[in-house]
Amino acid sequence: MGEEKPKLIGGVWPTVKPFINGGASGMLATCVIQPIDMIKVRIQLGQGSAGDVTKTMLKNEGVGAFYKGLSAGLLRQATYTTARLGTFRILTNKALEANDGKPLPLYQKALCGLTAGAIGACVGSPADLALIRMQADATLPLAQRRNYTNAFHALYRITADEGVLALWKGAGPTVVRAMALNMGMLASYDQSVEFFKDNLGFGEAATIVGASSISGFFAAACSLPFDFVKTQIQKMQPDATGKYPYTGSLDCAMKTLKAGGPFRFYTGFPVYCVRIAPHVMMTWIFLNQIQKLEKKAGL
């Protein structure tokens with residue numbers, strides 16, 4: 001009986017470890033990136049440039065405004081990133097086994113990234129909705145503000161006022177955006193690690209920094225158009241007649257394209273890239289450090 005418990009732990013831990021490590025690294029990265037994410041959302045809501053938004057927030061709301069929605073951001077990472085990074089590593093490990101241990105081609109990594117992104121987005125969509133609403137709340141007229149106190153209060157209010165299914169409002173564009181982001185982020189990271197190590201002979205530190213930088217760029221480039229549509233859908237309010245400005249993500253995309261052309265989808269791209277790329281980089285760096293600590297601890 002005394003030997004069964006270690007065997008059980010040894011069997012369960014390799015399976016859950018990628019999920020726990022992924023969630024922890026994403027939450028640590030979010031703590032650093034939250035202010036930039038807040039500015040990005042305000043830009044997409046049409047409040048001006050990064051400099052204008054920063055000055056306005058500091059003048060009218062104080063430093064604390066940059067961390068509004070942090071609880072929702074952490075909850076999002078605890079759900080979304082836990083699911084996507086854990087799923088991606090499980091899928092790639094299974095694919096490696098099927099490939100007799102040989103490096104996976106890029107298209108297989110991309111498929112694993114697409115799948116992991118879709119699963120993660122479905123799990124994390126309620127927290128993502130709470131985060132967007134909390135960040136956008138201060139931009140609304142006083143009468144329309146929801147005044148959520150934290151992520152759990154937001155989830156409770158949304159469920160009570162709009163029903164359980166409202167937690168997945170905008171889930172369609174959220175899932176599509178997550179698939180695009182994770183295809184760019186996850187596949188490019190693994191591919192870059194292999195290239196830097198095997199072809200260029202980089203050391204561990206240079207490989208992690210280089211691969212995570214490339215991963216961050218492709219994550220931003222692939223996902224911003226979908227992120228823009230998702231944000232517009234999640235923050236829209238009905239007019240006096242109860243009619244919403246968009247009937248869905250496709251309608252939003254078509255109206256945006258007609259009104260501002262294709263570059264309208266890349267509104268706030270510099271700030272978005274600055275926000276996404278460092279978050280991706282720090283997620284990978286934190287993940288690498290967590291894995292090092294686990295190895296030292298014999299886990």
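## Where α3 meets α6

In this predicted model, helix α3 (residues 70-98) and helix α6 (residues 171-199) have axes that come within 12 Å and cross at roughly 50°. That angle is neither roughly parallel nor roughly perpendicular, so the two helices, α3 and α6, are called oblique to each other. As for handedness, α3 passes α6 in a right-handed crossing.

Who does the touching? On the α3 side, the contact is made by Arg76, Tyr80, Arg84, Leu85, Phe88, Arg89 and Thr92. On the α6 side, the partners include Arg177, Leu181, Met185 and Asp190. It helps to know that an α-helix has 3.6 residues a turn, so residues three or four places apart point the same way.

## A closer look at α3

Let's check the length of α3. With 29 residues at 1.5 Å each, α3 should span 42 Å, and its end C-alpha atoms are 41 Å apart, so the two values agree. Still, α3 does bend, by about 30° at Thr81. After the helix comes Asp100, which has a positive phi, near 60°.

## The kinked helix α4

Now try the length check on α4, which covers residues 106-136. How far would a straight helix of 31 residues span? The answer is 45 Å, yet α4 spans only 37 Å between its end C-alpha atoms. Look along α4 and you'll find a kink of about 60° at Gly124, shortly before the proline Pro126.

Is α4 mostly enclosed or open? Of its 31 residues, 22 are buried, so α4 is largely enclosed by the rest of the structure. Buried here means under 20% relative accessible area.

Key: Residues are numbered from 1 along each chain as its sequence is written. This is a predicted model: local features need pLDDT of at least 70, side-chain atom pairs count only at pLDDT 80 or more; totals for chains, interfaces and linings use all residues. Side-chain values use heavy atoms; hydrogens and water are left out. Helices (H or I, at least four residues) and strands (E, at least two) are DSSP runs, numbered from the N terminus. The expected span of a helix is 1.5 Å times one less than its number of residues. The bend at a residue is the angle between axes fitted to the seven residues ending there and the seven starting there. Buried means under 20% relative accessible area, exposed over 50%, partly exposed in between (1.4 Å probe, protein chains only). Axes are lines fitted to C-alpha atoms, for helices over the stretch in contact, and angles run from 0 to 180 degrees between N-to-C directions. Angles under 35 degrees count as roughly parallel, over 145 as roughly antiparallel, 65 to 115 as roughly perpendicular and the rest as oblique. A crossing is left-handed if the near helix is turned anticlockwise from the far one by less than a right angle, and right-handed if clockwise. Contact means heavy atoms within 4.5 Å.
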